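This report introduces one protein structure to a reader who has not seen it before. It takes up a strand, a helix and the confidence of the model in turn.

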Amino acid sequence: MSQFSRLSRRKFILTAGASTVVSLLLKGCLGNPPEPGNSTLAQTTTGAAPAANINPEQAPETSKVKLGFVPIVESAPLIIAKEKGFFAKYGMTEVEISKQASWGSMRDNTEIGSAGGGVDGGQYQMPMPHLIAEGIITKGNQKIPMYLLAQLNTHGNGIALASKHLGKGMSLKMNGGTALFNQLKSANTPFTAAHTFPQVNQDFWIRYWLAANGIDPDADMKLIPVPSAQTVANMKTGTMDAFSTGDPWPYRIVKDKIGFMAALTAEIWKNHPEEYLALRADWVNKNPKATKAILKGIMEAQQWLDNFDNRKEAVQILGSRNYFNLAPEILEGPMMGKYDMGDGRVIDDKSMAPYYWKDEKGSVSYPYKSHDLWFITESVRWGFLPESTLANAKTIIDKVNREDIWREAAKEAGIAAADIPTSTSRGVEEFFDGVKFDPENPTAYLQQLKIKKVKA
């Protein structure tokens with residue numbers, strides 16, 4: 001019996017929809033994904049880094065690994081590590097970066113592994129690695145041990161609303177906009193919003209924003225998973241009021257006059273954790289040196305990305321047909337912290353851009369266990385996991401979060417001691433509504449929240 005919950009796979013499937021429906025996530029967090037491009041990966045790198053003189057003791061057991069990604073800014077470290085030669089620099093010369101059709105596909109391909117035509121790991125929303133490890137979202141509730149190895153980025157997401165709601169007080173703090181929800185509910189045409197995959201990042205961001213503004217996402221409106229290819233069409237026809245979306249899609253939404261951005265997640269929770277690198281535990285256990293080589297390549301890519309002088313080149317690489325398949329100018333603004341919100345507000349603030357190596361609070365790449373705890377606590381808040389899960393949270397997190405491997409890789413790569421966190425907790429976190437999360441007392445966090453499923 002899973003320590004996590006008694007949430008049945010049937011319940012999850014009913015929530016998520018069939019894998020086709022769950023394709024809502026082609027972007028992970030996006031609104032209107034690009035048409036799938038040529039899935040064949042580029043055979044050459046752009047300005048590849050020279051091969052390192054690898055210490056024989058650190059030489060990887062294999063040079064091959066298959067990593068899945070979803071084409072949003074969260075995937076940038078994987079793509080840059082491949083294209084700039086950072087993986088190859090540490091001996092991982094045969095890394096395959098595999099574009100996934102949806103988060104449902106990413107889950108399914110993780111289950112079967114590369115030996116079965118799937119993937120060894122890659123990019124994940126949280127807490128997907130934990131849910132897979134506990135067998136909560138896998139076929140037959142099969143437990144697939146996973147290791148969470150690094151955080152890929154912070155920021156890079158927002159809440160998009162249909163243009164018909166402009167001027168109705170719908171913003172970070174709604175300022176009377178809640179009346180709209182009551183009107184629609186009374187008319188039996190409830191406000192309808194979509195996220196890209198249930199019970200993970202995108203679901204949590206929109207739920208937090210709504211609840212902080214006095215809206216119960218489970219009672220005052222409809223909050224559903226919708227295939228990403230349908231979200232924009234539904235918004236155009238008036239059947240979709242809002243959805244969670246990730247960079248660079250806000251620019252497209254605004255440019256096409258489809259909608260506007262009510263809030264960036266960087267406004268909801270500044271320097272918040274976003275998506276993560278994780279691998280199947282069996283692959284890591286078999287290839288511990290190769291795992292650290294992958295991490296070294298990711299770390300170098302993250303540092304390269306955080307040099308804003310490199311971001312124009314990054315945009316060219318990410319926007320190519322093999323990856324995002326979109327015009328670079330759509331991606332450049334968000335990557336530089338420039339957001340036309342579509343409601344007259346323009347944000348031009350580099351601190352609001354996605355970060356990959358270091359942000360205002362310190363390390364981005366290091367996988368703080370305190371952040372795992374927030375995702376688990378938020379799952380308890382909404383009834384996705386039972387309250388009793390909190391009593392087992394440390395065991396659950398320690399089984400999946402391998403920050404120790406991150407530390408080893410960082411030391412081998414010569415990362416400065418100042419850039420290697422000395423604690424597994426980032427400390428107290430604060431949200432836009434003044435609520436604080438103290439990882440030393442997650443129950444106190446739950447008690448502060450007015451809208452929740454849990455009784456705490």
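In this predicted model, L148 stands opposite A278 in strand β10. A278 also has G122 standing opposite. The strands that pair with β10 are set out below.

| Strand | Residues | Bridges to β10 | Direction |
|---|---|---|---|
| β3 | residues 121-124 | 4 bridges | antiparallel |
| β4 | residues 146-151 | 5 bridges | antiparallel |

Strand β10 itself covers residues 276-280 and is mostly covered, with 5 of its 5 residues buried. In a regular strand the side chains alternate between the two faces of the sheet.

The next element is a helix. Helix α2 spans residues 76-83, and 8 of its 8 residues are buried, so the helix is largely enclosed by the rest of the structure. The buried residues of α2 include A76, P77, K82 and E83. What do the buried residues of α2 pack against? They pack against the strands β1 (64-69), β2 (94-99) and β3, and against the helices α3 (86-89), α12 (288-305) and α13 (311-318). After α2 comes G85, which has a positive phi, near 80°.

Confidence varies along the chain. The average pLDDT of the chain is 88, and 88% of the residues score at least 70. Among the elements of the chain, β10 has the highest mean pLDDT, 99, and helix α1 (residues 9-16) the lowest, 43. Over residues 5-46 pLDDT stays under 50, and for these residues the model has 145 contacts beyond four places in sequence. Where pLDDT is low, the predicted coordinates should not be read in detail.

Technical notes: Residues numbered from 1 in each chain as written. Heavy atoms only, no water. Buried < 20%, exposed > 50% of the residue type's maximum accessible area, 1.4 Å probe, protein only. Helix = DSSP H or I, 4+ residues; strand = E, 2+ residues; numbered from the N terminus. Pairing = 2+ DSSP bridges. Contact = heavy atoms within 4.5 Å. pLDDT = per-residue confidence, 0-100.
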